[in-house]
Amino acid sequence: MIAVEGLGKRFGQIWALQDVTFATDAGRVVSILGPNGAGKTTLVRILITELLPTRGRAYVAGHDVVEEAEKIRRKIAAVPQEGSPIGFLTPYEFVYAYLLLRGYSRREARRRTEGALAELQLSDVRGREIQTLSGGTKRRVLLAAVLAADVDVVFLDEPTTGLDVLSRRIVWNAVSSMRRGGVTVLLTTHYVEEAQTLSDYVVLMNRGRVVDAGPPGALVEKVPGKYVVEAYGIPADRKPHMTIGDRGIYFVDDPGEIANDLVKAGARVNIRQRSLEDYVLYRVGAVSEP
Amino acid sequence: MKKLLRDMLVIGWLNGWVPLVRSWIWLVANSVTPLSFLIVLAVYAGEAGLRWGLLGGLIWTVASNGISLIGDATFYRLEIKFQQMLVAAPVSPIAYALGLALSSFIFAAPAVAFYVGYLAALGAFTATGAVLLGISMVLLWISTAGLGFAISTAISQMRYAWAVPGILAAILSAMAPVYWPATVLPDELLGALLPTGAAGVIGQAALGLVHYGVHVVTASWISLSAYAAISLILLAKVARWRQV
């Protein structure tokens with residue numbers, strides 16, 4: 001449903017994307033994971049036909065993003081990064097207008113709007129001006145619009161950034177609902193937990209390149225150790241696999257021995273099972289501003 | 001074509017009608033300046049001043065609302081990214097731009113109705129004069145809205161989008177014969193240089209406020225029509241979803 005082959009995008013002298021390649025089937029949730037500046041939004045902008053690639057090819061819903069943009073636009077919907085619905089409209093008006101613009105009849109648009117607002121738990125605020133709603137609720141209004149659009153592919157660019165835990169989970173439910181309906185969802189996020197929870201496939205990016213890609217479980221398996229020991233205040237004779245400031249990270253199969261040694265040396269220690277976040281740390285290093 | 005017209009109406013509704021009925025304070029804010037001129041001219045020059053103030057207010061309202069597209073279009077593109085949602089949808093950029101232009105016309109409609117109604121009540125119109133004034137206002141709306149949308153595509157920071165329309169509206173209304181006759185210029189033809197000036201000359205002639213030579217009125221029609229045509233071409237050229 002989405003296929004990207006050697007995609008590159010250059011702004012002036014800077015390559016925002018280089019040789020990006022991955023593919024995913026229909027009805028899957030794909031997470032593009034990476035730190036700020038990884039190229040996630042540039043990738044999304046190319047895939048939604050807003051931006052021309054400098055080189056490489058990309059196909060969405062079976063169509064070339066350069067040659068067949070009009071065909072793609074009928075089959076996709078997007079929630080932009082830091083996007084917000086129009087403040088002086090109500091949630092109902094915004095979703096309804098969006099569906100009319102997508103070509104639905106007024107009757108069908110009304111029906112779909114009602115359903116999507118209910119699914120995103122927005123029925124209580126359907127008649128309030130959007131500018132009076134919280135940031136999380138506004139984001140859910142955008143989600144309701146693309147959910148109601150019933151398209152083949154949905155692009156969500158950091159849909160949960162800045163949301164509280166409840167709103168995040170409502171968004172996650174919407175993503176799961178779309179997947180159940182056979183929609184392919186491409187999601188960009190900083191939140192590794194979100195990618196692990198929602199995704200069938202994860203594309204890990206850093207500095208415009210794909211670092212690795214695969215199902216979340218398969219990526220986690222690549223962490224060199226079943227457990228992760230994090231220590232604050234690292235002794236000189238116990239060199240960790242990686243350090244972030246005064247925090248040392250050890251990837252081990254048996255955490256007991258090293259944890260004991262670290263505690264004896266005065267370090268504060270935290271032991272946990274490996275996760276996708278550890279794989280990101282392992283491959284990308286600390287997720288930080290470039 | 002049907003989809004294009006429908007999309008225009010939807011965008012006109014959501015960006016023109018809804019804020020008009022819900023945020024009427026903006027309508028008042030937009031009307032304050034031309035109404036102030038109207039009052040001052042009426043006090044100083046009686047009914048003749050009133051007619052000048054009403055015609056000037058009409059032209060100011062149409063032009064400033066067209067130019068105000070700079071703010072709306074930039075806000076939707078940069079601030080809330082609504083434009084990006086429409087890129088990823090079967091909406092043509094031309095429909096979007098024309099819909100925004102329509103919304104500016106809807107938003108201006110009450111003030112336009114006030115000026116036109118008042119002029120009619122004063123008996124300022126002949127049937128021919130009303131038609132000519134109506135056509136010139138449509139051309140002025142197309143000219144300023146197209147110009148507004150085109151300028152919005154070049155703005156990269158939101159703060160400029162709020163400042164530029166105010167400056168342009170003032171220049172277009174004060175530096176052109178909108179509230180004053182082109183006869184004060186070294187050459188009356190200079191009055192047709194700006195679209196608002198051309199509309200002013202046509203309106204003043206149509207209302208019998210000033211008797212211009214045929215060549216001046218003709219030049220004003222040519223100028224205003226050319227502005228409208230160029231604005232539409234410009235709008236079609238810059239109204240593109242894809243960026244390089």
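**Aromatic pairs and the A–B interface**

Me: How many aromatic pairs does the rule find over all chains, and what makes two rings a pair?

Reply: Over all chains the count comes to 14 aromatic pairs. Rings of Phe, Tyr and Trp (its six-membered ring) pair if their centres lie within 6.5 Å, and planes under 30 degrees apart count as stacked, over 60 as edge-to-face and the rest as tilted. This is a predicted model, in which local features need pLDDT of at least 70 and side-chain atom pairs count only at pLDDT 80 or more, while totals for chains, interfaces and linings use all residues. Residues are numbered from 1 along each chain as its sequence is written, chains are lettered from A and ligands numbered from 1 in the order in which they are written, and side-chain values use heavy atoms, with hydrogens and water left out.

Me: Why is the pair of Phe251(A) and Tyr282(A) called edge-to-face?

Reply: The ring centres of Phe251(A) and Tyr282(A) are 5.6 Å apart and their planes stand at 80°; the pair is edge-to-face because the limit for centres is within 6.5 Å and the angle for this class is over 60 degrees. Phe251(A) belongs to strand β13 (residues 247-252) of chain A and Tyr282(A) to helix α10 (residues 276-284) of chain A, so that the pair links parts of the chain 31 residues apart; helices (H or I, at least four residues) and strands (E, at least two) are DSSP runs, numbered from the N terminus.

Me: How do you know whether Phe251(A) is buried or exposed?

Reply: Buried means under 20% relative accessible area, exposed over 50%, and partly exposed in between (1.4 Å probe, protein chains only). Phe251(A) has 4% relative accessibility and therefore counts as buried, whereas Tyr282(A), at 40%, counts as partly exposed.

Me: What makes Phe37(B) and Tyr179(B) an edge-to-face pair?

Reply: Their ring centres are 4.9 Å apart and their planes lie at 65°, so the pair is edge-to-face. Phe37(B) is in helix α2 (residues 24-67) of chain B, and Tyr179(B) is in the loop between α7 (158-174) and α8 (195-206) of chain B, 142 residues apart. Phe37(B) is partly exposed because its relative accessible area is 37%, while Tyr179(B) is buried because its value is 14%.

Me: Which residues form one aromatic cluster?

Reply: Phe94(A), Phe75(B), Tyr76(B), Phe82(B) and Trp162(B) form one aromatic cluster.

Me: How do you know that chain B and chain A are in contact?

Reply: Contact means heavy atoms within 4.5 Å, and by this rule 29 residues of chain B are in contact with 39 residues of chain A. Together the two chains bury about 3000 Å², 62% of it on carbon and sulfur atoms, where buried area is the accessible area (1.4 Å probe) that two parts lose on being put together, summed over both.

Me: Why is the meeting of Glu93(A) and Arg22(B) called a salt bridge?

Reply: A salt bridge is a side-chain nitrogen of Lys or Arg within 4 Å of a carboxyl oxygen of Asp or Glu, and the side chains of Glu93(A) and Arg22(B) meet at 2.7 Å, N to O. The rule finds one salt bridge across this interface.

Me: What is notable about phi of Glu158(A)?

Reply: Most residues other than glycine have a negative phi. Phi of Glu158(A), however, is near 50°, a positive value, and Glu158(A) is found in the loop between β7 (153-157) and α6 (165-180) of chain A. Glu158(A) is called buried because its relative accessible area is 6%.
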